[in-house]
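Please look over the sequence and the model shown here, and then follow the text from one region to the next.

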Amino acid sequence: MRVSIIGTGYVGLTTGVCLGFLGHKVTCIDSDQNKIALLRAGKTPIYEPFLTELMAEARPNLSFCGEYAGSLQDAEVVFIAVGTPPSADGSPDLRYLSEAARGIGQHFEGDFLVVVNKSTVPIGSGNWVGSLVRESYEQQHGRKANGHFSVASNPEFLREGTALHDSLFPDRVVIGSDNNRALQVLYSLYRPILDQTFAAPTYLARPEGVGAVPLISTDLASAELIKYAANAFLATKISYINEIGQLAEKVGADISQVAKGIGLDARIGTRFLQAGIGWGGSCFGKDTAALVATAREYSLSMPIVEAAREINRRQRERVVEKLLAELKILKGRTIGLLGLAFKPNTDDLREAPAIDIARKLIERGCKVKVHDPVAMDRFEREYPDLSVVCCESPEEVADEADALALITEWQDYRELDWEVMASRMRSPLVLDGRNALDRARLERFGFRYLGIAG
Ligand code: UDX
């Protein structure tokens with residue numbers, strides 16, 4: 001099928017590369033000409049494991065374009081995968097979404113186009129996008145748009161760092177539309193994934209036991225709500241274990257064991273029960289805020305989701321409080337942060353706990369040193385005003401530090417020579433913000449070890 005994708009961020013690029021790999025003819029559109037130049041040169045503007053490799057395999061089916069003209073006039077499906085960043089009041093900024101909708105209306109010249117919202121959009125946006133597309137089509141072409149467009153919602157559930165795996169072997173595919181023809185087009189598009197009939201690349205082997213993928217085909221509003229409800233649930237699950245973690249700490253219980261003990265109950269499940277400094281990233285914070293904001297428009301409160309947000313906010317403060325309790329005075333101390341990305345295997349810094357924590361420590365008069373295995377360049381570009389010392393290695397972070405805080409549980413950090421780390425520090429104190437390090441081993445090397453819970 002002929003597919004166009006507007007936006008080459010994590011979602012758009014991953015979707016485009018996967019659909020191209022599956023044999024569809026895909027045009028990726030982005031207004032950022034630098035990104036387009038990079039992509040044409042076979043490079044990716046984001047760090048995502050195996051994306052470059054899969055993009056190379058899909059290359060014969062992929063093209064990259066810096067403008068709408070010439071890139072979607074005869075498409076059968078267009079995905080809108082532009083950013084919907086949070087605005088000051090927590091509601092998503094829909095500027096790029098509306099630009100994309102208008103661009104589609106102006107440049108489509110074929111018979112029938114399915115316009116798919118892949119961006120996480122507020123509930124009800126499908127209808128809004130539809131009206132913008134039709135309006136700009138009618139203005140541009142001077143004829144009625146009736147019957148030419150149908151809007152669908154196809155939320156993504158991919159996690160950064162495992163985006164390709166999550167896209168090729170999803171737990172489910174959700175498609176929402178009030179138009180049967182649009183649903184049929186999307187079934188055909190996703191057929192190879194639904195039936196798992198494609199040959200998986202060697203570096204992205206099909207996990208054992210993956211058979212046909214369940215399809216939820218539903219109305220627009222339900223598909224839009226599924227996305228928010230899923231993310232809010234996962235965020236709440238993490239905040240729940242972090243709340244239990246606080247009590248575990250008081251009563252002397254081990255939160256990892258508690259999480260395992262409850263997670264093995266199949267009704268609860270073991271995933272997303274890793275206690276620590278909590279969630280960051282582009283989705284959980286934004287989507288929980290948007291859900292609360294939407295509910296408010298209907299005079300509803302969402303106390304569970306709000307509590308999950310509050311607990312997450314407090315987890316970051318707890319890092320500073322714990323260091324203060326241990327070091328007594330923070331002013332003039334050197335604190336090293338290991339990890340900047342909001343989680344391992346990505347260079348994404350959106351809502352990364354490290355940024356918040358660095359700011360709080362600086363406010364308290366600390367000297368803050370930072371390191372990340374992949375996000376350093378991006379950090380220096382995006383946060384030039386944050387006055388921290390950027391280090392080239394974790395060992396450099398340890399030099400003369402009064403404490404280290406593990407913020408992102410990169411495998412590299414688990415495997416560090418912690419004996420050497422201890423020897424370079426002023427005092428070997430580590431705050432394991434992800435409960436990811438081997439406490440007994442670190443204590444053998446003379447570390448005073450603090451977990452974030454338990
Ligand atoms: C999330 C959703 O998982 C995905 O389905 C959605 O489409 C986009 O948002 P992502 O933000 O990429 O994906 O990362 P995810 O792996 O979900 O982690 C989010 C945050 O939660 C990270 O900061 C991570 O460190 C934290 N987390 C995750 C925990 O603190 N504990 C856990 O047990 C799991």
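**A walk through the predicted model**

T27 has a relative accessible area of 16%, and because buried means under 20% relative accessible area, T27 is classed as buried. The structure is a predicted model, and in it T27 belongs to strand β2, which covers residues 25–29. Once its neighbours within four places in sequence are set aside, T27 is in contact with V3, S4 and I5, and also with S63, C65 and S71.

Three of those contacts, V3, S4 and I5, lead to strand β1, which covers residues 2–6 and is joined to β4 by four bridges, the two strands running parallel. Within this pairing, I6 stands opposite I80 of β4. On its other listed pairing, β4 is joined by four bridges to strand β5, residues 113–117, and these two strands also run parallel; here V77 has V114 of β5 as its bridge partner.

How do the side chains of strand β4 point, and are they buried or exposed? In β4, which spans residues 77–80, V77 and F79 point one way while V78 and I80 point the other way, and all of them are buried. The general pattern behind such an arrangement is that side chains in a regular strand alternate between the two faces of the sheet.

From β5 the path can be taken on to S177, whose C-alpha lies 9.2 Å from the C-alpha of V116, although the two residues are 61 places apart in sequence. S177 is found in strand β7, residues 173–177, and with a relative accessible area of 5% it is buried. Leaving aside neighbours within four places in sequence, its contacts are S150, V151 and A152, then A182 and L183, and finally T218, D219 and L220. The side chain of S177 also takes part in polar contacts with the backbone: one of its polar atoms lies 3.3 Å from the backbone oxygen of V151, and the side chain reaches the backbone nitrogen of N179 at 3.0 Å.

One of the contacts of S177 is L220, and residue 220 is also where helix α8, residues 220–251, begins; this helix gives the most to the shell around the ligand, with three residues. Altogether 19 residues surround the ligand, the closest being F157, E160, Q274, F342 and K343. By kind, the residues of this shell divide into nine nonpolar, four polar and six charged.

Which protein atoms approach oxygen atoms of the ligand? A polar side-chain atom of K227 lies 3.0 Å from an oxygen atom of the ligand, a backbone N or O atom of L273 lies 3.3 Å from an oxygen atom of the ligand, and a backbone N or O atom of F342 lies 3.0 Å from an oxygen atom of the ligand. Taken alone, the ligand exposes 660 Å², and the protein buries 92% of that.

The last stop is K322, which is placed in helix α11, residues 303–327. Is this lysine, K322, buried or exposed? Its relative accessibility is 17%, so K322 counts as buried. Not counting residues up to four places away in sequence, K322 touches E249, L431, L450, G451 and I452; E249 falls within the residue range of α8, 220–251, the helix already met at the ligand. With G451 there is a polar contact as well, in which the side chain of K322 reaches the backbone oxygen of G451 at 2.7 Å.

Terms used: Residues are numbered from 1 along each chain as its sequence is written. This is a predicted model: local features need pLDDT of at least 70, side-chain atom pairs count only at pLDDT 80 or more; totals for chains, interfaces and linings use all residues. Side-chain values use heavy atoms; hydrogens and water are left out. Buried means under 20% relative accessible area, exposed over 50%, partly exposed in between (1.4 Å probe, protein chains only). Contact means heavy atoms within 4.5 Å. A residue is near a molecule or strand if one of its heavy atoms lies within 4 Å of it. A polar contact is a pair of N or O atoms within 3.5 Å; within protein, one must be able to donate a hydrogen and the other to accept it, and residues adjacent in sequence count only if both atoms are side-chain atoms. Accessible areas come from the Shrake-Rupley method with a 1.4 Å probe; for residues, only the protein chains shown count as cover. Ala, Val, Leu, Ile, Met, Phe, Trp, Tyr, Cys and Pro count as nonpolar, Asp, Glu, Lys and Arg as charged, and the others, Gly among them, as polar. Two strands pair if DSSP finds at least two bridges between them.
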